[in-house]
Amino acid sequence: MGGIVVPAEEVAERVPPPVAGGERESLRGHLEFHRATLLTKCAGLTGDQLRTRSSPPSTLSLLGLVRHMAEVERAWFRRTFAGEDLPLVWSPEGDFQGAYDAAEADAGEAFAAWRDEVAHARRIEAAAASLDETAWSPRWEAEVSLRAVMLHLIHDYARHNGHADLLREGVDGAVGV
């Protein structure tokens, strides 16, 4: 199922998050660092390698993580914070777990969707006047601030990047980044 999906030369250098400066720059820096980490963990692999599952019966794979994070980016930035009325990328029923099963998924399509959602999220974040802006979250049944959304995404990426470390090592023995 094809060659390398994310060529190593296509991966931007991971810029360490700032250790001083404003809150917004710090949150943005940490979020960008974690986005780049996930992309780095997938770089240089074929679609088949990206679909390699962790251990049965789990459907978790690097490609599943990319699909899941596209869903998370869309859900929090576009659907919740920007109030856009659109379904999740891969689950009209709103089942985030559905994205994890990437056995039949097209890797190029998954990365295109993830990149698209990240671009929308960056635009929405940049347009917000303040981290204190809020939007209603049906999931949390509360008003959530942009700050909370960004922190949630940082948490989700950090947690899943730990999974990505183990998945990548299982695929080709690569460690670190």
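Where is the place of E141? In this predicted model, E141 falls in the loop that links β1 (134-137) with β2 (142-145). The two strands run antiparallel and are joined by 4 bridges. Within this pairing, S137 is positioned opposite A142 of β2. The hairpin formed by β1 and β2 has 4 residues between its strands. E141 is not a glycine, yet its phi is positive, at about 50 degrees. The relative accessible area of E141 is 63%, and E141 is classed as exposed because this value lies over 50%.

A second glutamate, E125, was examined in helix α4, which spans residues 107-127. With a relative accessible area of 5%, E125 is classed as buried because the value is under 20%. When residues up to four places away in sequence are left out, E125 is in contact with R24, R28, F77, L146 and M150. R28, one of the residues touched by E125, also appears in a pair with L151: the C-alpha atoms of L151 and R28 are 9.5 Å apart, while the two residues are separated by 123 positions in sequence.

L151 itself belongs to helix α5, which covers residues 146-172. The relative accessibility of L151 is 44%, so L151 is counted as partly exposed, given that this category lies between the 20% and 50% limits. In summary, E125 is buried in the model, L151 is partly exposed, and E141 is exposed.

Notes: Residues numbered from 1 in each chain as written. Predicted model: local features only at pLDDT ≥ 70, side-chain atom pairs only at ≥ 80, totals over all residues. Heavy atoms only, no water. Buried < 20%, exposed > 50% of the residue type's maximum accessible area, 1.4 Å probe, protein only. Contact = heavy atoms within 4.5 Å. Pairing = 2+ DSSP bridges.
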